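Hi everyone, thanks for making time for this. I have one structure to show you today, and we'll begin with a single residue before stepping back to the whole chain. Here it is on the screen.

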Amino acid sequence: MADDDVPFNKHFLLEPGVVEEVRPGIRRVLCNNPSPFTFTGTVSYIVGQGNVAIIDPGPDNAPHAAALLDAVRGETVTHILVTHTHRDHSPNTGRLKTATGAIVYAEGPHRASRPRHESEKHSPESGADRDFKPDVTVGHGDVIEGDGWRLEAVATPGHTANHLAFAWAEHSVSFVGDHVMGWSTSIVAPPDGAMVDYMSSLNRLAGRAEQLYLSGHGPEIPEGPRYARFLIRHRQAREASILHRLAKGEADIPTMVRAIYIGIDPRLTRAAGYSVLAHLEDLVARGVVATDGDPVIGGTYRLVNS
Ligand SMILES: [Zn+2]
């Protein structure tokens, strides 16, 4: 295996609506919203027993809300935690809050990583849930405690500006949302996402002690920090590929996508373009790559000093 090959795991047999105990005190329920972006669907987690927290209620999906409420029948949902404001993670919050009266915790409403350039509209990939508002805003290092569980918020911007992971140190577990996924790399699409933030968030997680990562999509990741380091090397290799392509002459983003993402699922081509843009934005900020005007999806890029 090359250094930049990520050991993806697409083995995930959880069926929608079925409650599964991942570890003592942690249950998960899959929503039936499979897609090229969500894999088999969004995974919601139930933390604790008796008085519980639900992490990521999922998309606007009544059957999934019913499955979650069914899973906690006879128990009390005291907390709802949201990792980030994408439409496959947060919109069901209202439904669960109405049914349970739980308090909603998240970093804040949806926002972009940087101001939009003049030529940019909302990118369709962002899938932002702009209606979401937490009851309690949570910052890096804040601790959210319930009956028998204690979660520390770990700021992990990059996929979105407001992304949080929730670390349960006592169990060496981190709920990592879409920041780290076992089945695929994460989408980092400017302006909602930012590559510099994404990389430093990976380093932040990799430097922590929690080993088991539980993601918003796909199977658990047993050696989380090691896996995060694979993702870091993967992005470094992608950056090198972009520079390698630009060394042959200036190029636009579709040209770079064709050169770098061989055999990509056509449904993911646009997302790949935004990932390349995320790298280019970083390279332009570092003075390695130049473009005319702001680094945007339609721009042409060249190496500085060539
Ligand atoms: Zn997401």
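Let's find T38, which sits in the loop that runs between β2 (26–30) and β3 (43–47). Keep in mind as we go that this is a predicted model.

Now, is T38 buried or exposed? Its relative accessibility is 7%, and because anything under 20% counts as buried, T38 is a buried residue.

So who does T38 touch, once we set aside its neighbours within four places in sequence? The contacts are N33, D88, W183 and H217. Take a moment to find those four on the screen.

Okay, let's zoom out. The chain has six helices and 15 strands. Its radius of gyration is 19 Å, close to the 19 Å that the globule rule gives for 306 residues, so the chain is as compact as a globular protein of that length. If you follow the C-alpha trace along its principal axes, the chain spans about 65 × 40 × 35 Å.

T38 has company in being buried: buried residues make up 54% of the 306 in the chain. And if you look at contacts with a separation of 6 or more, 63% of them join residues that are 24 or more positions apart.

Last stop, the surface and the charges. The accessible surface is about 13,000 Å², and carbon and sulfur atoms account for 51% of that. The chain carries 29 positive and 37 negative charges, and the mean positions of the two sets lie 4 Å apart.

That's my tour, thanks for listening!

Terms used. Residues numbered from 1 in each chain as written. Predicted model: local features only at pLDDT ≥ 70, side-chain atom pairs only at ≥ 80, totals over all residues. Heavy atoms only, no water. Helix = DSSP H or I, 4+ residues; strand = E, 2+ residues; numbered from the N terminus. Rg over C-alpha atoms; globule rule 2.2 N^0.38 Å. Buried < 20%, exposed > 50% of the residue type's maximum accessible area, 1.4 Å probe, protein only. Contact = heavy atoms within 4.5 Å. Areas by Shrake-Rupley, 256 points an atom, 1.4 Å probe, with all protein chains shown as cover. Lys, Arg positive; Asp, Glu negative; His and termini not counted. Charge placed at Lys NZ, Arg CZ, Asp CG, Glu CD.
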